[in-house]
Amino acid sequence: MPMIFAASESSVLVDGEPVEGVRSIEYRFSQTRTNIYALGSAERIAMVSGPQTVEGTLRVASTSAGLNGKTGDAFFQITANLKHGETSMTVSFDECVLLGKSFELGVGGSGEAVYTFSAARVREG
């Protein structure tokens, strides 16, 4: 059975402080893998795991003072507490650095900032 989370019940923290106005959080984990083949065979017999990367985006209504202050090479932590009723899961991003920020304000709308980050690791629990 799938785990379903509600944005209205979930929260995001940066260094333990709540981020107001979160519209979405997205992340991608990838790891380089190399196949090992036996001599004279086309069938894989093993696999070697290499470097892993974690990158994500956090979309916030207007802007986040806490994230705006994360400049340079200072590490920070992002924690997403995903919930829906009794179902919950915590996703933690460790040793994050801010890669970029964009801001958009359209006619008749409200401002929205998008923060792009990289993390040393992601933990789901």
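Rings of Phe, Tyr and Trp are taken as a pair if their centres lie within 6.5 Å. The model analysed here is predicted. A search of the whole structure finds two such aromatic pairs. One of them joins Y27 and F93. Their ring centres are 5.0 Å apart, and the planes meet at 75 degrees. This angle is over 60 degrees, so the pair counts as edge-to-face. The pair links distant parts of the chain. Y27 belongs to strand β3 (residues 22-37), F93 to strand β6 (residues 87-104), and 66 residues separate them. Y27 is partly exposed, with a relative accessible area of 30%. F93 is buried, at 1%.

F93 also pairs with F117. This contact is edge-to-face too, with 5.3 Å between centres and 70 degrees between planes. F117 lies in strand β7 (residues 112-119), 24 residues from F93 in strand β6. Both F93 and F117 are buried. Together, Y27, F93 and F117 form one aromatic cluster.

Charged side chains provide further links. The structure holds six salt bridges. One of them joins K70 to D15, with the closest N and O atoms 2.7 Å apart. K70 sits in the loop between α1 (65-68) and β5 (76-84), and D15 in the loop between β1 (11-14) and β2 (17-18). The bridge therefore ties together parts that are 55 residues apart in sequence. D15 is partly exposed, because its relative accessibility is 39%.

Another salt bridge joins R23 and E112. Here the closest N and O atoms are 3.6 Å apart. R23 is in strand β3 and E112 in strand β7, 89 residues apart. R23 is partly exposed, with a relative accessible area of 46%. E112 has a value of 19%. Buried means under 20%, so E112 counts as buried.

The next bridge involves D94, a residue of strand β6. D94 is buried, with a relative accessible area of 9%. Neighbours within four places in sequence aside, D94 is in contact with F76, Q77, A119, A120, R121 and R123. With R121, the side chain of D94 forms a salt bridge at 3.6 Å, N to O. R121 lies in strand β8 (residues 121-124), so the pair ties together parts that are 27 residues apart in sequence. R121 is partly exposed, at 36% relative accessibility. Salt bridges that share partners join D94, E95, R121 and R123 into one network.

Notes:
Residues are numbered from 1 along each chain as its sequence is written. This is a predicted model: local features need pLDDT of at least 70, side-chain atom pairs count only at pLDDT 80 or more; totals for chains, interfaces and linings use all residues. Side-chain values use heavy atoms; hydrogens and water are left out. Rings of Phe, Tyr and Trp (its six-membered ring) pair if their centres lie within 6.5 Å; planes under 30 degrees apart count as stacked, over 60 as edge-to-face and the rest as tilted. Helices (H or I, at least four residues) and strands (E, at least two) are DSSP runs, numbered from the N terminus. Buried means under 20% relative accessible area, exposed over 50%, partly exposed in between (1.4 Å probe, protein chains only). Contact means heavy atoms within 4.5 Å. A salt bridge is a side-chain nitrogen of Lys or Arg within 4 Å of a carboxyl oxygen of Asp or Glu.
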